[in-house]
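Grab a pencil and work through a few short exercises on this protein. Each one comes with a worked solution.

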Amino acid sequence: MLRPRIPVNPLPTGIVTPLAQPVALSGTEPNRESSPVAPDRHAAPNAPAHTTIQLTPGSMVALAAGGGAVVLVVGAVLVSMLLAVAITGVSVAVIAVVLRLLVKDLQKGR
């Protein structure tokens with residue numbers, strides 16, 4: 001599918017030679033009925049080498065709004081994750097202090 005087509009005769013001699021036909025991966029023989037020079041009449045035309053994207057002012061505004069929404073959503077997710085880590089850290093610190101006091105009280109009572 002993405003194999004490069006290497007010309008059979010790379011030197012410029014004035015004689016046009018066809019490109020090498022890619023080999024099918026499924027192990028079947030390529031179709032010998034069509035000649036390699038004449039393209040199939042049912043084949044899709046070649047796409048242009050350079051495609052341009054034209055942005056209208058409305059599409060630019062929509063693109064900017066979409067980008068802003070993505071930034072806000074990602075920011076909200078990151079802030080909520082930071083808050084979750086902070087709350088977990090504070091709760092672990094409080095539990096450590098409480099356990100330390102309980103262990104101290106148990107050692108005094110002996």
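Below are three exercises, each followed by its steps.

This is a predicted model, where local features need pLDDT of at least 70, side-chain atom pairs count only at pLDDT 80 or more, and totals for chains, interfaces and linings use all residues. Residues are numbered from 1 along each chain as its sequence is written, and side-chain values use heavy atoms, with hydrogens and water left out.

**Exercise 1.** Work out how many helices and strands the protein has.
Solution: take DSSP runs (helices H or I, at least four residues; strands E, at least two; numbered from the N terminus). You get 1 helix and 0 strands. Helix α1 spans residues 57-108, and Val70 lies in it.

**Exercise 2.** Decide whether Arg5 is buried or exposed.
Solution: start with the cut-offs: buried is under 20% relative accessible area, exposed over 50%, partly exposed in between (1.4 Å probe, protein chains only). Arg5 has 53% relative accessibility, so it counts as exposed.

**Exercise 3.** Place Arg5 along the chain and in space.
Solution: Arg5 sits in the segment before α1. Next, go C-alpha to C-alpha: Arg5 and Leu19 are 6.6 Å apart, with their positions 14 residues apart in sequence.
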